[in-house]
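Q: Please take a close look at one helix of this model and at the parts that surround it. A connected account is wanted, from the individual residue up to the whole chain.

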Amino acid sequence: MSHPHYILLPANSFFIAISLMAAFMLNLFPWGVHVGMPDFVALVLVFWSIHQPRKVGIGVAFLMGLLMDVHDAVYLGENALAFTLLSYFAISIHRRVLWFPPVTQSLHVFPLFLGVQLVQLTVRLLSSDSHFPGWLFFLECAVTTALWPVASWLLLAPQRRAVNKDNTRPI
């Protein structure tokens with residue numbers, strides 16, 4: 001079965017900003033205290049860092065990290081550091097990831113989400129008397145990775161052009 005090949009329109013900066021704000025709002029809900037809840041900000045940051053690295057880069061990731069630091073009431077810079085590294089590594093693999101369909105892209109972004117959690121856990125363990133929270137702590141990166149195809153479909157939807165059956169056009 002052949003999938004239609006879409007020509008993507010340029011990403012609207014306003015839509016990118018709205019999607020980042022929506023992800024932040026989703027992270028504000030109180031369900032974040034439950035084990036395995038995805039990090040929507042990390043998901044959207046990786047998506048835009050891969051698809052639009054010139055519009056969403058390390059500076060935006062740092063700002064979103066600071067906002068999450070304030071919201072989570074953690075050490076200032078914990079999420080900022082994690083999201084900055086996340087964006088850096090997402091930008092560094094963006095050309096390779098775009099060659100694959102969204103399900104295969106999930107395998108490429110999983111280590112990025114795992115790295116975010118490792119950085120956050122390391123900062124928490126080094127800076128306080130915290131104990132290792134258990135292996136279920138890492139369920140968040142698996143759930144976030146599982147949402148990658150859905151996020152790809154949703155965030156690329158405004159950019160897709162209708163597929164026209166016009167045999168006279170070369171594109």
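A: Y88 is a residue of helix α4, in a model that is predicted. Its relative accessible area is 46%; Y88 therefore counts as partly exposed, since that class lies between 20% and 50%. Y88 also belongs to a nonpolar patch on the surface, together with I58, L81, L85 and F89. The accessible area of these five residues comes to about 440 Å² together. Helix α4, which covers residues 78–92, supplies the largest share of the patch, with four residues.

The geometry of α4 can be considered next. The helix has 15 residues, and at 1.5 Å a residue these should span 21 Å. The C-alpha atoms at its two ends are 22 Å apart, so the distance agrees with the expected value.

Apart from its patch residues, α4 has a buried set. E78, N79, A80, A82, F83, T84, L86, S87 and A90 are buried. The buried residues of α4 pack against α2, against α3 (58–72), against α5 (94–97) and against α6 (102–127). Two of these partners, α2 and α3, can be followed at the level of single residues.

On the side of α2, the residue to examine is S49, which is located in that helix (residues 40–51). S49 has 0% relative accessibility and so counts as buried, the limit being under 20%. The side chain of S49 makes a polar contact of 3.2 Å with the side chain of S87, and S87 is among the buried residues of α4. When neighbours within four places in sequence are left aside, the contacts of S49 are V56, S87, A90, I91 and H94. Of the residues in that list, A90 is another buried member of α4.

The surroundings of S49 within α2 are likewise covered. Twelve of the twelve residues of α2 are buried, including F40, L43, F47, W48, I50 and H51. From its first C-alpha to its last, α2 reaches 16 Å, close to the 16 Å expected for twelve residues at 1.5 Å a residue. The N-terminal end of α2 is capped by D39, one of whose side-chain oxygens lies 3.3 Å from the backbone nitrogen of V41.

On the side of α3, A61 provides the corresponding view, being a residue of that helix. A61 counts as buried because its relative accessibility is 0%. Not counting residues up to four places away in sequence, A61 touches L45, F83, T84 and S87. F83, T84 and S87 are buried residues of α4, while L45 is a buried residue of α2. S87 thus appears in the contacts of A61 as well as in those of S49. A61 may also be set against L85, a member of the nonpolar patch: the two residues are 24 apart in sequence, and their C-alpha atoms are 8.6 Å apart in space.

These details can be placed within the chain as a whole. The chain contains eight helices and zero strands, and its pattern along the sequence is α-α-α-α-α-α-α-α. Of its 171 residues, 37% are buried. Among contacts with a separation of 6 or more, 70% join residues 24 or more positions apart. The chain has an accessible surface of about 10,400 Å², and carbon and sulfur atoms account for 70% of that area.

Key: Residues numbered from 1 in each chain as written. Predicted model: local features only at pLDDT ≥ 70, side-chain atom pairs only at ≥ 80, totals over all residues. Heavy atoms only, no water. Buried < 20%, exposed > 50% of the residue type's maximum accessible area, 1.4 Å probe, protein only. Polar contact = N/O pair within 3.5 Å; in protein donor to acceptor, adjacent residues only side chain to side chain. Contact = heavy atoms within 4.5 Å. Patch = residues over 30% accessible without salt bridge, like charges linked within 9 Å, V, L, I, M, F, W, Y side chains within 5 Å. Areas by Shrake-Rupley, 256 points an atom, 1.4 Å probe, with all protein chains shown as cover. Salt bridge = Lys/Arg side-chain N within 4 Å of Asp/Glu carboxyl O. Expected span 1.5 Å × (residues − 1).
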